[in-house]
Amino acid sequence: MVPNKNLSKEDAKWLLNDFGPLVGGSIFGKNIDKYTKALNLIRGTQLRNPGCACEYKSRGNIASSVFSQYKTAIEEIANS
């Protein structure tokens with residue numbers, strides 16, 4: 001079960017189809033918003049994008065880790 005108990009089917013599909021392919025890839029200013037959105041959807045938080053490029057890698061790694069940890073639960077929601 002994902003920490004955000006209100007994760008919708010539409011959001012779960014976005015995580016799998018749009019964010020999933022980014023996991024393990026490079027993290028840039030032009031895609032950091034997707035990492036932040038993924039983390040917010042999974043955790044049910046409202047984090048803002050990091051303020052500087054030095055924080056991008058950390059945010060990306062956390063989002064990728066959380067996604068991998070809950071991927072099975074996300075798939076269940078997307079396919080329900």
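Here is a short chat about how a few labels on this structure are earned.

Me: Before we start, what kind of model is this, and how are residues numbered?
Reply: It's a predicted model, where local features need pLDDT of at least 70 and side-chain atom pairs count only at pLDDT 80 or more, while totals for chains, interfaces and linings use all residues. Residues are numbered from 1 along each chain as its sequence is written, and side-chain values use heavy atoms, leaving out hydrogens and water.

Me: Why is Ser-64 called buried?
Reply: Buried means under 20% relative accessible area (1.4 Å probe, protein chains only). Ser-64 comes in at 13%, so it's buried.

Me: Which residues does Ser-64 touch, leaving out those up to four places away in sequence?
Reply: Phe-19, Val-23, Gly-24 and Tyr-35. Contact here means heavy atoms within 4.5 Å.

Me: What makes a set of residues a nonpolar core?
Reply: They must be buried Ala, Val, Leu, Ile, Met, Phe, Trp, Tyr or Cys residues, joined through side-chain atoms within 4.5 Å. The largest one here has 20 residues, and Leu-7, Leu-15, Phe-19 and Ile-74 touch the most other members. Its largest share, seven residues, comes from helix 3, the helix at residues 56-78 where Ser-64 also lies. Helices are DSSP runs of H or I, at least four residues, numbered from the N terminus.

Me: Which residues does Ile-74 touch, again not counting those up to four places away in sequence?
Reply: Val-2, Leu-7, Ala-12, Leu-15, Leu-16, Ile-42 and Phe-67.

Note on methods:
Helix = DSSP H or I, 4+ residues; strand = E, 2+ residues; numbered from the N terminus. Buried < 20%, exposed > 50% of the residue type's maximum accessible area, 1.4 Å probe, protein only.
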